[in-house]
Amino acid sequence: MSDHLPKGAEVVVIGAGAVGAACAYFLAREGFRVQVLEQGRVASGTSSAGEGNLLVSDKEAGHELDLALYSNSVWHDDLAEFGQLWEFESKGGFVVASSPEGADALRELGARQRRAGIETVDVDAADIRQYEPYIRSGLAAAAYYPQDAQVQPMLLTAHLLRLARGMGAVISTGIEVTGIEHHDLGGERRVKAVRTSRGTIACDHVVNAAGTWASEIAAMAGVDVPVLPRRGFVLVTEPLPPTINRKVYAGEYVASTQSSDESLQTSTVIEGTQAGTILIGSSRERVGFDRTVSLPVLREIAAKALALFPSLARVRIMRTYMGFRPYCPDHLPVIGHDSRLTGMWHATGHEGAGIGLSVGTAKLLTQAMAGKSPDLDLSPFAPARFSAGDHA
């Protein structure tokens, strides 16, 4: 990546994770002069600590699902030609229920999702092993979601930035943003420049794609965007022959993604990769930016995985990793123009869905920045929906 710091840019994107990279790509494709700033390395934050899931199955009907379905179309239309670069795999999702009550809840969820436009197939207990031969017996029901997919998130981020750079974008890593300058024009506050550890960049627009640090960037602009870190761990097995065909998770995972509970929550999420390793999650807990490895959490994740796939009992865990999901109190991302400062835009707060929603977010934001009517109404994601003291 470049150490070059131009004197001016039309748009400064803060953050070189998946969301920032997608914004850089779509903005450059639209013809904007783009400068991307990253305090660490490319994909060194949340994007390097996830599983690369592109999911519709874990979302209830509502605004986030609308964004997920839109993003799904972007993956398959705008970016289809590049899929092999980031190991795009339409593997589908497989959600299981262990009890009759859980089976009823799964069926009811599927019915609501179908009405909202999701493809879902109800799977009876007797047919579950036709989908996943190594899963335990005795499950009550399952649902198959063919629209679910997976990418390798670090490859995704790196290649989107490479493609953006090919269209003129400049990428600068190891550079800290220290302030956002504005001036007053006729009583209107407007973005003027971004101050950094290497100098000041004049610009017309700033895109805050800083993930879990987005609230700090917003504060530099004098606005409040309450993005909080939510810690999660993932286990990675040694490479195996094909064992798990799809993303498999327990039905309670959907509820955990929508929970605001600060305490630890774990639910079973298991999937294979093209490299042969198996990724095992998941956990959620609000502990600030505490990076301490928690052995009790790792044991709980592993135990729940074994309860679903007993055949993994003799498989070695090769490594573990953890990261922080950028979490908003109302479980909706922050996307769009900030009415409190002209030229300030946000693309953050996607929590654990950032990889999947990144491209839809970026395309919609680019449409709005270009003065076009976005394909999806962005008002539910408006940055100014949070007022001081109105959030946790």
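How many of the 16 residues of helix 9 (residues 354-369) are buried? Before selecting that helix, the viewer should note that the coordinates form a predicted model.

**The whole chain**

Begin with the entire chain in cartoon representation. Its secondary structure consists of nine helices and 18 strands. The radius of gyration is 21 Å, close to the 21 Å given by the globule rule for 392 residues, so the chain is as compact as a globular protein of that length. Along the principal axes, the C-alpha trace extends over about 70 × 40 × 40 Å.

Next, display the surface. The accessible area of the chain is about 15,500 Å², and carbon and sulfur atoms account for 51% of that area. Of the 392 residues, 56% count as buried. Where contacts link residues at least 6 apart in sequence, 76% of them join residues at least 24 apart. Colouring by charge brings up 36 positive and 44 negative side chains, the centres of the two sets being 5 Å apart.

**Helix 9 and what flanks it**

Select residues 354-369. Helix 9 is mostly covered, with 15 of its 16 residues buried. After the helix comes Gly-371, which has a positive phi, near 80 degrees.

Then move to Glu-351, in the loop that connects strand 18 (344-348) to helix 9. Phi of Glu-351 is also a positive value, near 50 degrees, here in a residue other than glycine. Most residues other than glycine have a negative phi. At 8% relative accessibility, Glu-351 counts as buried.

**Further backbone features**

Select His-331, located in the loop between strand 16 (317-327) and strand 17 (334-337). This residue, which is not a glycine, has a positive phi near 65 degrees. With a relative accessible area of 14%, His-331 is buried.

Now go to strand 15 (278-284) and show the backbone atoms of Gly-281 and Ser-282. What is the geometry of the peptide bond from Gly-281 to Ser-282, cis or trans? The bond is cis, with omega near 0 degrees. Most peptide bonds are trans. Ser-282 itself belongs to strand 15.

Continue from strand 15 towards helix 8 (295-308); the loop between them contains Ser-294. Ser-294 has a relative accessible area of 17% and is buried. Apart from residues up to four places away in sequence, Ser-294 touches Arg-231 and Phe-233.

**Strand 12 and helix 6**

Select residues 228-237, which make up strand 12, and pick out Arg-230 within them. Is Arg-230 buried or exposed? Arg-230 is buried, at a relative accessible area of 0%. A distance can be drawn from here to Leu-376: the two residues are 146 apart along the chain, and their C-alpha atoms are separated by 27 Å.

Helix 6 (residues 214-220) is the next selection, with Ser-215 in it. Ser-215 counts as partly exposed, at 24% relative accessibility. Once residues up to four places away in sequence are set aside, Ser-215 touches Val-225 and Val-227. From Ser-215 to Tyr-70, the C-alpha to C-alpha distance is 26 Å, for a separation of 145 residues in sequence.

**The loop at Thr-120**

Select Thr-120, in the loop between helix 3 (100-116) and strand 5 (121-124). Thr-120 is buried, with a relative accessible area of 10%. Beyond its neighbours within four places in sequence, Thr-120 is in contact with Gly-110, Arg-114, Ala-143, Tyr-144 and Tyr-145. Showing these residues as sticks displays the surroundings of Thr-120.

**The cysteines**

Finally, select the cysteine sulfur atoms. How many disulfides does the count give? The count comes to zero. Which cysteine sulfur is closest to that of Cys-23? The closest belongs to Cys-203, and at 15 Å it is too far for a bond. Cys-23 counts as buried, at 0% relative accessibility.

Cys-328 is likewise in no disulfide, and its nearest cysteine sulfur is that of Cys-23, 15 Å away. At 1% relative accessibility, Cys-328 counts as buried.

Definitions and conventions
Residues numbered from 1 in each chain as written. Heavy atoms only, no water. Helix = DSSP H or I, 4+ residues; strand = E, 2+ residues; numbered from the N terminus. Rg over C-alpha atoms; globule rule 2.2 N^0.38 Å. Buried < 20%, exposed > 50% of the residue type's maximum accessible area, 1.4 Å probe, protein only. Contact = heavy atoms within 4.5 Å. Areas by Shrake-Rupley, 256 points an atom, 1.4 Å probe, with all protein chains shown as cover. Lys, Arg positive; Asp, Glu negative; His and termini not counted. Charge placed at Lys NZ, Arg CZ, Asp CG, Glu CD. Disulfide = S-S within 2.5 Å.
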